[in-house]
Amino acid sequence: MHQTRDPVIATSHAVSSGHQLASEAAMDILESGGNAVDAGVAAGIVLGVVHCDLVNVAGVAPIILKMADSPRVVTIDGLGTWPSAATAEFFAREYDGEMPEGILRTVVPAAPASWITALKEFGTRSFSDVSAAAIDAARNGFPTFELLSEFLHNNEDKYRRYQANADIYLAAGRPPHVGESFVQHDLADSLQYMADQERAANGNRAAGLQAAYDAFYRGDIANTIARYHADNGGFLTREDMASYRVRFEQPVAASFGGYDFYCCGPWCQGISLAQTLAALEKSDFDKQAHNSTAYIHELTEIYKLIFADRERWVADPAFTDVPVEQMLSSEYLSMRLNLIDSDSAYPQMPPAGDPVAGTATTPD
């Protein structure tokens, strides 16, 4: 069936997100007087509801923003840390260095802290305001769409491993079909609890946001999460939840096509986007016919080089030195690009470079 959408002209503001309900939530916030940060948080929480197979309300939420009245580009890491009891030695000993699927790979939930921090520092609305659409979608359901249904069907066996997951994603004894209502009562109750605690604070806006924050990281939600981990062999504790804080980090910048692009840093994969743009700016890929064999070959080989560097160098700078400046330097990228053979492709991951030593490949 061919589907069309009515054309829309944006004269003052616009929203783009991964789901219509998230975009609608953000538009509602904007049109009721909220600013772009309020709208972005509203959209992010809704995405945690409707794309709960891919992202999560208790997941991650890296944020990058620039306010109109400031030249500063801000990034909030929004990535959880490992529980204090989790160690590299444990995974090396028990799982031969591999990360097992399941509860042991859980990090501290970061998204609520990221959203509320953004609201405190740059927003104007309450948590109750920006979470209302997400609460509605979780409590009353939304139509299961094709991507969600396909993902849940493809991973049905994994959801059956834990009864708590099966109760949510396989509520009818099977994954939901396209068009069926998908409801998440417990998630709605959790978000509502945060909103209720905010209202009960009876203070100013900042006090209310702090109450919503504490409801998740120090209140009943934290207790429930910690108890589940204790009962099911996980690492996460109340102390891990209570001590967690998001960090403000410096963005990484790159130029491409006459524009400056700002990306999140090496605490996530944003630096790889910056490195890709910087490499593309130096390459001759755009001299090839669009989508020709030579064009696609050049792009693919550049991506391989970037991902090889990511595997070797990109990590949390709180724990290791990441040579950001050297990885983005013109000289280093030129050396890396010279490794591309126009007549053959790397069949697997190419060797990483050594930006610290200034060499195209890392010595064996």
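## A walk through the predicted chain

Let's start close to the beginning: D6 sits in the segment before helix 1, which spans residues 20-31. This is a predicted model, so keep that in mind as we go. D6 has a relative accessible area of 70%, and since anything over 50% counts as exposed, D6 is exposed. Where does L299 lie relative to D6? The two residues are 293 positions apart in sequence, and their C-alpha atoms are 35 Å apart in space.

Now zoom out to the whole protein chain. It has 16 helices and 7 strands. Its radius of gyration is 23 Å, while the globule rule gives 21 Å for 364 residues; those values are close, so the chain is as compact as a globular protein of that length. If you want a box for it, the C-alpha atoms fill roughly 60 × 60 × 45 Å along the principal axes.

What about the inside and the outside? Of the 364 residues, 43% count as buried. The accessible surface comes to about 19,700 Å², and carbon and sulfur atoms own 51% of that. As for the wiring, take the contacts with a sequence separation of 6 or more: 66% of them join residues 24 or more positions apart. On the charge side, there are 25 positive and 48 negative charges, and the mean positions of the two sets are 4 Å apart.

Next, the aromatic rings. How many aromatic pairs does a search of the whole structure find? It turns up 14. One of them is F90 with F235: the ring centres are 5.2 Å apart and the planes meet at 85 degrees, so this pair is edge-to-face. It also links distant parts of the chain, with F90 in helix 3 (residues 88-95) and F235 in the loop between helix 11 (220-232) and helix 12 (238-243), 145 residues apart. Are these two phenylalanines buried or exposed? The cut-off for buried is under 20% relative accessible area. F90 comes in at 18%, so it is buried, and F235, at 14%, counts as buried too.

Another pair to look up is F142 with F182, which is edge-to-face as well, at 5.8 Å centre to centre and 70 degrees between the planes. F142 belongs to strand 3 (residues 142-143) and F182 to strand 4 (residues 181-182), so the pair ties together parts 40 residues apart in sequence. F142 is buried, with a relative accessible area of 3%, and F182 is buried at 3%.

Back to F90 and F235 for a moment, as they have company. Together with W82, F91 and Y95, they form one aromatic cluster.

Just past that cluster's Y95 in the numbering comes D96, in the loop between helix 3 and helix 4 (111-122). D96 is worth a look on a Ramachandran plot: its phi is positive, about 55 degrees, although it is not a glycine. With a relative accessible area of 67%, D96 is exposed. N291 is another non-glycine residue with a positive phi, in this case about 65 degrees. You'll find N291 in the loop between helix 13 and helix 14 (293-313).

Helix 13 itself covers residues 270-282, and S272 is part of it. What does S272 touch, leaving aside neighbours within four places in sequence? Its contacts are I306, R310 and V314. S272 has a relative accessible area of 6%, so it is buried.

For a contrast, go to E146, in helix 6 (residues 146-154). E146 has 59% relative accessibility and so counts as exposed. Its C-alpha atom is 8.4 Å from that of G179, a residue 33 positions away along the chain.

We finish towards the other end, with Q348 in the segment after helix 16 (330-337). Q348 counts as exposed, at 65% relative accessibility. Measuring tape out in your viewer: the C-alpha atoms of Q348 and A111 are separated by 35 Å, with their positions 237 residues apart along the chain.

How values were computed. Residues are numbered from 1 along each chain as its sequence is written. This is a predicted model: local features need pLDDT of at least 70, side-chain atom pairs count only at pLDDT 80 or more; totals for chains, interfaces and linings use all residues. Side-chain values use heavy atoms; hydrogens and water are left out. Helices (H or I, at least four residues) and strands (E, at least two) are DSSP runs, numbered from the N terminus. The radius of gyration is taken over C-alpha atoms; the globule rule is 2.2 Å times the number of residues to the power 0.38. Buried means under 20% relative accessible area, exposed over 50%, partly exposed in between (1.4 Å probe, protein chains only). Contact means heavy atoms within 4.5 Å. Accessible areas come from the Shrake-Rupley method with a 1.4 Å probe; for residues, only the protein chains shown count as cover. Lys and Arg count as positive and Asp and Glu as negative; His and the chain ends are not counted. The place of a charge is taken as NZ of Lys, CZ of Arg, CG of Asp or CD of Glu. Rings of Phe, Tyr and Trp (its six-membered ring) pair if their centres lie within 6.5 Å; planes under 30 degrees apart count as stacked, over 60 as edge-to-face and the rest as tilted.
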